[in-house]
Amino acid sequence: MQSKNAVLPDIGLAFCLTGRAEAVLLAKGAGFGFAVMDMEHGPIGLSELGQAAAVGKAAGFPVYARVTGPGSPDLARVLDCGAAGVIVPHVDSADQARAVVRACRFAPVGQRALPGPLPVADYVPLPADALVEAAGGGQVMAMIESAGALAAVEEIAAVPGLDALIVGTNDLADGMGLRGQVGHPELHAAFGRIAAAARACGLAFGAMGLPPALVGSHALALGARILVATNETNLIVEGGAALLADLRARAGS
């Protein structure tokens, strides 16, 4: 049951196909708290991400990048291009989480290379120490999406340099042998375990891919602070279908 004192998480919209910078303002105008440029499951690349992140910075609206996984060559590069943070899917072990942190954090926490002038500092050339201070605050978020990741979630959460654990709902269900059964009690228990691991290590807990009916039990009641509500593809198709059904019903009445 959802607590009456549950705090509404920051709610964002993902973009899988619409990589234009104007899409960021659509999300902001609709009232979302952030946008995710999804580079894992569609054609959006670094060029689109960089433009979207620049618009987000100018509008005071965080734009995060979801890369292809812990082995992605773009882990630090999306931060260099202005993303407010990186969401890394399929982090299945503490070793993978440590590799992500090494790529995304400057020394002494990680080994991120010192870049040239960055959008986060309006491309002003800065001394190395000032550059690290300006650019080192990007969020690093690991996605828990498999049975192996669930088994190792306490170790993953304890890796210094992470900011959040985010559940990939459909992939985690699939990895647990529960394909399509997102309401299954075992999946709910898994959400609880992941949320507890995040909380114990001072990390934010979040979720992607939750149907609205499960947001209360699987996110709010567990203290989720990050919720990716949907992506623009689903929003258009499902919203369009609902609108058409309503118009056709009115026309037939």
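Here is a quick tour of one strand, its neighbours and two pockets. Keep in mind that this is a predicted model. The strand to start with is S7, covering residues 204–208. From there the path leads over helix H10 to strand S8, and S8 in turn helps to line the largest pocket.

**Strand S7, inside and out**

- S7 is mostly covered, with 5 of its 5 residues buried.
- That goes for both faces of the strand: Ala 204, Gly 206 and Met 208 are buried on one side, and Phe 205 and Ala 207 are buried on the other.

**Who sits beside S7**

- One partner is strand S6 (residues 164–168), which pairs with S7 in the parallel sense over 5 bridges.
- To find your way between these two strands, look for Ala 164, which stands opposite Ala 204 in S7.
- Another partner is strand S8 (residues 226–231), also parallel to S7, this time over 3 bridges.
- Here a handy marker is Ala 207, whose bridge partner in S8 is Leu 227.
- Helix H10 (residues 212–218) joins the picture too: S7, H10 and S8 make a right-handed β-α-β unit.

**The largest pocket**

- This pocket has a volume of about 610 Å³.
- Its lining counts 25 residues, and the ones nearest the centre are Met 208, Gly 209, Thr 230, Asn 231 and Asn 234.
- Met 208 is worth a second look, as this residue is also one of the buried residues of S7.
- Four elements each supply at least two lining residues: helix H8 (169–175), H10, S8 and helix H11 (232–252).
- S8 gives the most, with 5 residues.
- By type, the lining divides into 12 nonpolar, 8 polar and 5 charged residues.

**The second largest pocket**

- The volume here is about 350 Å³.
- Again 25 residues form the lining, and Gly 82, Ala 83, Ala 84, Val 120 and Gly 138 lie nearest the centre.
- Helix H2 (46–59) and helix H5 (128–135) each bring at least two residues to this lining.
- H2 is the top contributor, giving 4 residues.
- The lining of this second pocket splits into 16 nonpolar, 6 polar and 3 charged residues.

Definitions and conventions:
Residues numbered from 1 in each chain as written. Predicted model: local features only at pLDDT ≥ 70, side-chain atom pairs only at ≥ 80, totals over all residues. Heavy atoms only, no water. Buried < 20%, exposed > 50% of the residue type's maximum accessible area, 1.4 Å probe, protein only. Pairing = 2+ DSSP bridges. Right-handed = clockwise from strand over helix to strand, strands pointing away. 1 Å grid on protein atoms, 1.4 Å probe; cavity = no way out; pocket = protein on both sides within 12 Å on 5 of 7 lines; lining within 4 Å. Points joined across faces, edges and corners; volume = space filled by probe spheres on them. Nonpolar A, V, L, I, M, F, W, Y, C, P; charged D, E, K, R; others polar.
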